[in-house]
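Biologist: I've just opened this one and I'd like to learn how to read it. Could you walk me through it, feature by feature?

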Amino acid sequence: MSLLIGSHVSIANGLIGAAKEAISYGANTFMIYTGAPQNTKRKSIEALKIEEGQAYMQAQGIKNIVVHAPYIINCASYKNHIFSLAKSFLKQEIARTEAIGSNYIVLHPGSYTDKDTTYGIERIAEALNEVLVSSMKPIICLETMAGKGSEVGKTFEELQSIIERVDLKSKIGICFDTCHTHDSGYDIIHDFENVLKEFDTIIGLERLKVFHINGSLNPCGARKDRHANIGALEDNPKGRDHIGLKALHSIVHHPICENKPLILETPWLNKSKNLYREEIAILRQETLSEDDY
């Protein structure tokens, strides 16, 4: 089975810089933010070195790259200025995603804060119905969420409730985050097959477009959303992975993941060291030995 696996990389040096960083990790796909995820400051599309980056990716066999929408977008907000910003900036990010050549933009559905889940679901669908157009090429992939605070998307039912209210359903997919799904209470360690069956019954497997492959610092159902390095033990400076290498390796080698972008968002150990190269290499292995975990 051929894996499309990579990690989050920086676009500070344009698309060409992102692609070169991905290659340094042994990746054949990657995910980027088009700018800082906490604000709306963006370089012009012309400054992103897109043609140069696309040529390099084609030569290196990189494909199916993913864009992540910034955290500042909250489509569930009841505050009109935040809701308006979410819609207008999401439109801009979709345009940038299309210009970069990505088919997928991952979106955190949103947080309803002082309202309730039903309100949040309806508000998110309202925003999507204003943003989505039939001519757009990228698919918005709603991310499975951990359930911390008032965020929407902690269950498959909540995500489907958004989808069923969206007019252009063909423009909606799902990004399955292993840490978030585990933290929200789904047993992906011992029962991934039945988790997929439940997903298929409620949403449909055809909507699964992207996977985020992350360990978790918390036990199943903790609703914390704290990523861990894959298979990390207690002595890891960032803490123990409660999902574990064995389970995550099994997931990435499941047929459902074939030809889908598998993106690592695991922690950096410090400002200059991350484990992306090592984690990608071990996940690529067809089988694991006892020495691996």
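Modeller: Happy to. Let's begin with names: helices are DSSP runs of H or I with at least four residues, strands are runs of E with at least two, and both are numbered from the N terminus. With those labels, lysine 49 can be placed in the loop between β2 and α2. One caution before we go on: this is a predicted model.

Biologist: How many helices and strands are there in the protein chain?

Modeller: The chain has nine helices and 10 strands. Its radius of gyration is 18 Å, close to the 19 Å that the globule rule gives for 293 residues, so the chain is as compact as a globular protein of that length. Along the principal axes, the C-alpha atoms fill a box of roughly 55 × 45 × 35 Å.

Biologist: What percentage of the 293 residues count as buried?

Modeller: The cut-off to keep in mind is that buried means under 20% relative accessible area. By that test, 56% of the 293 residues are buried. The accessible surface comes to about 12,600 Å², with 47% of it belonging to carbon and sulfur atoms.

Biologist: And the contacts? Of those between residues at least 6 apart in sequence, what percentage join residues at least 24 apart?

Modeller: That figure is 76%. Charges can be summarised for the chain too: the mean positions of its 32 positive and 37 negative charges are 7 Å apart.

Biologist: Let's look at a helix. Which residues of α1 are buried?

Modeller: Here's the general idea. An α-helix has 3.6 residues a turn, so residues three or four places apart point the same way. Now the case: α1 covers residues 14-24 and is mostly covered, with eight of its 11 residues buried. They are Gly14, Leu15, Ile16, Gly17, Ala18, Ala19, Glu21 and Ala22. These buried residues pack against β1, β2, α2 and α3. Just after α1, glycine 26 takes a positive phi of about 75°.

Biologist: What is α8 like, going by how many of its residues are buried?

Modeller: Six of the eight residues of α8 (residues 245-252) are buried, so this helix is largely enclosed by the rest of the structure. The buried set is Leu245, Ala247, Leu248, His249, Ile251 and Val252. Its packing partners are α6, α7, β7, β8, β10 and α9.

Biologist: You mentioned a positive phi at a glycine. Which residue other than glycine has a positive phi near 55°?

Modeller: Lysine 49, from our opening example, is one of them. At 41% relative accessibility, lysine 49 counts as partly exposed. Arginine 223 is another, also with phi near 55°. Arginine 223 lies in the loop between β8 and β9, and its 38% relative accessibility makes it partly exposed.

Biologist: Now the cysteines. How many disulfides does a search of the whole structure find?

Modeller: First the idea: a disulfide is a covalent bond between the sulfur atoms of two cysteines. The cut-off used here is sulfur atoms within 2.5 Å, and the search finds zero such pairs.

Biologist: Why does cysteine 175 have no bond to the closest cysteine sulfur?

Modeller: The closest cysteine sulfur belongs to cysteine 141, and at 6.7 Å it is too far for a bond. Cysteine 175 itself is buried, at 0% relative accessibility. For cysteine 257, the closest cysteine sulfur is in cysteine 175, 11 Å away, and that is again too far. Cysteine 257 is buried as well, with a relative accessible area of 0%.

Biologist: Can we finish with single residues? Where does serine 77 lie?

Modeller: Serine 77 sits in the loop between β3 and α3. At 3% relative accessibility, it counts as buried. Leaving aside neighbours within four places in sequence, its contacts are Ile82, Phe83, Ser111, Tyr119 and Arg123.

Biologist: And histidine 180: what is it in contact with, leaving aside its neighbours within four places in sequence?

Modeller: Histidine 180 is in helix α6 (residues 178-184) and is buried, at 2% relative accessibility. The contacts you asked about are with Glu143, Thr144, Met145, Ala146, Asp225 and His227.

Biologist: How far apart in space are serine 77 and histidine 227?

Modeller: From C-alpha to C-alpha they are 25 Å apart, with 150 residues separating them in sequence.

Conventions:
Residues numbered from 1 in each chain as written. Predicted model: local features only at pLDDT ≥ 70, side-chain atom pairs only at ≥ 80, totals over all residues. Heavy atoms only, no water. Buried < 20%, exposed > 50% of the residue type's maximum accessible area, 1.4 Å probe, protein only. Contact = heavy atoms within 4.5 Å. Rg over C-alpha atoms; globule rule 2.2 N^0.38 Å. Areas by Shrake-Rupley, 256 points an atom, 1.4 Å probe, with all protein chains shown as cover. Lys, Arg positive; Asp, Glu negative; His and termini not counted. Charge placed at Lys NZ, Arg CZ, Asp CG, Glu CD.
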